[in-house]
There are 2 protein chains.
Amino acid sequence: MQGSVLVVGGSAGGIASAVAVKRHYPDADVVLVRKEEQVLVPCGIPYIFGTLGAPENNLIPDGILTQNGVQLIVDEVTSLDFSGKAVKTAGGRELKFDKLILATGSQPLVPPIPGADLENVFVVKKDVAYLKQIQERLKEAKQVVIIGGGFIGLEMADEFRKTGCKVTVVEVLPHCLYQVFDEELCKKVEEELTKVGVEIRTSTKVRAIEGDKKVERVLLENGDHLPADMVILAIGVRPNVALAQEAGLKIGERGGIWVDRYMRTSQKDVFAVGDCAEKFDFLTGIPSPLRLASIATAEGRIAGANVFRLRRENRGTIGVFSTKVADVAVGMAGYSEQRAKSEGIDFVVGKAETVNRHPGGMPGVAPLKVTLIFKRRTGALIGGQVCCGESVGELVNVIAAMIQYGAKADEIAVFQMGTHPALTASPLAYPLVNAAELALKQF
Amino acid sequence: MQGSVLVVGGSAGGIASAVAVKRHYPDADVVLVRKEEQVLVPCGIPYIFGTLGAPENNLIPDGILTQNGVQLIVDEVTSLDFSGKAVKTAGGRELKFDKLILATGSQPLVPPIPGADLENVFVVKKDVAYLKQIQERLKEAKQVVIIGGGFIGLEMADEFRKTGCKVTVVEVLPHCLYQVFDEELCKKVEEELTKVGVEIRTSTKVRAIEGDKKVERVLLENGDHLPADMVILAIGVRPNVALAQEAGLKIGERGGIWVDRYMRTSQKDVFAVGDCAEKFDFLTGIPSPLRLASIATAEGRIAGANVFRLRRENRGTIGVFSTKVADVAVGMAGYSEQRAKSEGIDFVVGKAETVNRHPGGMPGVAPLKVTLIFKRRTGALIGGQVCCGESVGELVNVIAAMIQYGAKADEIAVFQMGTHPALTASPLAYPLVNAAELALKQF
């Protein structure tokens, strides 16, 4: 298979796309053009400020491109020309393509709050110089307010407090992480963060950020003031679709570049992946707001395989999350109970609780709580949540695999798993199996 | 559904069976009869000697039975009467049943080596008093020889060396764990154990155990002597089938009680599960030598659900293993390369290597190596091996889920997984996905 493929954007989705093209079509000429000199590991950004120590310790090496035969150009694409099959760049280049993959990513939302433009108010930008500036200012900060209690907000809070400053998280919903997890897990995370000194204010709206040039305090809707010498806005992202929109590509309901099940846009020979592309829910097919690096890489692997032949379908976005704050790891895949309820799904829940080692005297023991959610009629697993030790990271992927490969409650109840005293729960108490068994009683 | 169910045997398979009966048929009278006063966590036995400190710290609580409405009788069953639907016990009881589940387990093999009956030569028996004796003698032991480099042998070696004695493992095969893992992982484990001071002698046969009443040394086939004041025989187990055999039940090729896909024996209303039952390989259907607590629990959950109605099928034994010795965790599910070769399967291998955190500067980082094995014609995953950090424990279960729920290489290449810097590999480098993608090149 011959031809040239141009990938625009160098973060997770762009890299995965470019590498996938070379794996599937080794003879293709693949060029990746990105505007950043250096690319950050997106999920690693919060860890720059405590654990990792500097943005330079959180880079994706370019070797992953060059070793796979992808040519890298650092330049900013300024326009797309579909009829001429070329893009123009800020550096004066015209880059031709047979197939184009857009992976232009997203940028942080800036809420329409007065004072959001004050000095020492930051968003979470994937930009080395900008993050260095945050780090520099953090050294003198004594009181930081983080607006937004999602994953990034809480991870930043946990890392910032390690540097010794007082951190307050302000979240408008009744709980942090409430868009993803059910209440029980949200509460657990809030408790753990509170224990290590982070102040959490939920159901709380910000009216303004105040100060004389520099931020000095955050004014809440209830009239309270939170003193602050630094504010982080972590309320979400919006897809970068300006280029695509100007070139006439169809935009989806959720604001991403519309794509079909093969990651093709409304324009022949043009694909889109990652944060800039519209997502569709795996269960309903409805446009989904989820944007994750792991979704971007999966989409990149689909688009890359499809550029010259349609080889892979996107079966829809499941959403698999995990994080660790303070000493607690939590994770989920697919639907939560509240999500299933709001979609009107007829579902059944199974819960199991044990510890992540066996017997309980083994070192590293932590509670292990699992909730699994099944469709009532078919018994198909549609979601799961898990807490609290580090094994959550891969345990949530066991759940993700079960969802993706169609496991039913009755099959999970006889799941053949590996167990070991130093690594997992006991075979008698293995919580995925027991949660499935207990759910079956309600079918 | 009414009726009485008698379960004979109180380890993993028996407990899982009894609990499953109560879950599926809450009105059934379920009695579990076992000869042991106390039941040990089978996989925890090696850890008694170092990490856990005593057999009492490695018990399965009886609460799991009583809380689930199972009646417990401690007594030894001495004969089975199928026509009278009753069993007799050493304590003079006659216990009636409508349905009988045999979970009589296995016992350690004693090799026909001269001197195996000397004092301070032990097997690995699931018996509190016996294990206490080992622990007592270990206090004075300076040089221990462990015969058999399987999981139990190596785990014992690792724990014994923590108490300060010199440990030598003698293994007849070219590598330790060689019946399960491919050479690369076996070597890794051997290296790590060697580093912490355990001596490993592979391709080495024992001719005799020598001493005057008490063991003093082990004589090898090559004439070498290994000084030893304690010897552990860890060469495997054989199923306890005497009761079943006397009662006329059919015995399988591998020496276990023959069972069908519903865990039914050759006798109506009699089921068998766990180490005493014959196993059948998931891929070939051929009798399998595998015996694991995790298999026993899965079989128990099948038999328990089937006692009054056939509800669950045993799709065959996959074999999912994990262990941690020294600081290295290794795991596997399904077929190794050598196994696939010896069965004559037309297969394709994909390998990927990364680290279990991202970026690489995150704490707790360890190498992560994955090998996946697929059937060439269908792309179905049939096996996987993984090393080296603690996340191996659940990562091997992701592989196990993929095998059990029918994932193909092309589906695994676009697996939607959750990733997090503190918990997993990066989404770009997630090794299951990359191993699948690289395997696809060879289809």
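Domain bounds here come from an automatic or database domain assignment. Keep in mind that this is a predicted model.

Q: Into which domains is chain A divided?
A: The assignment cuts chain A into three pieces, and one of them is made of two stretches, 4–107 and 238–306, which together are domain 1. The other two are single stretches. So that you can find them on the chain, the full list is domain 1 (4–107 + 238–306), domain 2 (121–235) and domain 3 (327–440).

Q: How many residues of domain 2 of chain A are in contact with domain 1 of chain A?
A: The centres of these two domains of chain A, taken over C-alpha atoms, are separated by 30 Å. On the domain 1 side, the touching residues split into eight nonpolar, four polar and no charged. Domain 1 of chain A brings 12 residues to the contact, and domain 2 of chain A brings 14.

Q: What relation do chain A and chain B have to each other?
A: Chain A lands on chain B after a rotation of 180° with 0.0 Å of shift along the axis, and the RMSD is 0.0 Å. A half turn with no shift is the relation of a two-fold axis.

Q: Which residue of chain A has the C-alpha nearest the axis?
A: The axis is the one whose rotation of 180° superposes chain A on chain B. The nearest C-alpha in chain A sits 2.2 Å from that axis, and it belongs to V398(A).

Q: Why do the copies meet through the same surface?
A: Chain A and chain B each put 69 residues into the contact. What matters is which residues those are: the copies share a surface because the interface residues of chain A are also interface residues in chain B, at a level of 100%.

Q: Which element of chain A gives the most to the side that touches chain B?
A: Elements giving two or more residues to that side are helix 1 (12–24), helix 7 (293–306), strand 21 (320–325), strand 22 (328–334) and helix 9 (392–404) of chain A. By class, that side of chain A has 38 nonpolar, 22 polar and nine charged residues. The top contributor, with 11 residues, is helix 9 of chain A.

Q: How are helix 9 of chain A and helix 9 of chain B oriented to each other?
A: Two packed helices are described by the angle between their axes and the distance between the axes. Here the axes of helix 9 of chain A and helix 9 of chain B come within 8 Å and cross at roughly 5°. Angles under 35 degrees count as roughly parallel. That is why helix 9 of chain A and helix 9 of chain B are called roughly parallel.

Q: Which residues of helix 9 of chain A make the contact with helix 9 of chain B?
A: Chain B supplies E394(B), L395(B), N397(B), V398(B), A401(B) and M402(B). Counting both helices, the contact divides into eight nonpolar, two polar and two charged residues. From helix 9 of chain A come E394(A), L395(A), N397(A), V398(A), A401(A) and M402(A).

Q: Which strands stand at the edges of the five-strand sheet of chain A?
A: This open sheet has the order 9-16-10-11-12, with parallel pairing. Its twist averages 20° from one strand to the next. An edge strand has a single partner, so one side is left without a neighbour in the sheet; that holds for strand 9 (121–123) and strand 12 (199–201) of chain A.

Q: Which residue stands opposite V144(A) in strand 16 of chain A?
A: Strand 10 (residues 143–147) and strand 16 (residues 230–233) of chain A run parallel and are joined by four bridges. Across from V144(A) you find M230(A).

Q: Which strands does helix 4 of chain A touch as it packs on the sheet?
A: Helix 4 covers residues 151–162 of chain A, and its direction makes about 170° with that of strand 11 of chain A. The strands it touches are strand 10, strand 11 (166–170) and strand 16 of chain A.

Q: Which residue stands opposite K88(A) in strand 6 of chain A?
A: Another open sheet of chain A has three strands in the order 4-5-6, with antiparallel pairing. Three bridges join strand 5 (residues 86–89) to strand 6 of chain A. Opposite K88(A) stands E94(A).

Q: Where is P359(A) found?
A: P359(A) is joined to H358(A) by a cis peptide bond, with omega about -5°. Its place is the loop between strand 23 (347–355) and strand 24 (367–375) of chain A.

Conventions
Residues numbered from 1 in each chain as written. Chains lettered and ligands numbered in written order. Predicted model: local features only at pLDDT ≥ 70, side-chain atom pairs only at ≥ 80, totals over all residues. Contact = placed C-beta atoms within 7 Å. Nonpolar A, V, L, I, M, F, W, Y, C, P; charged D, E, K, R; others polar. Axes fitted to C-alpha atoms, helices over the stretch in contact; angles between N-to-C directions. Parallel < 35°, antiparallel > 145°, perpendicular 65-115°, else oblique. Least-squares fit on C-alpha atoms with pLDDT ≥ 70 in both. Pairing = 2+ DSSP bridges.
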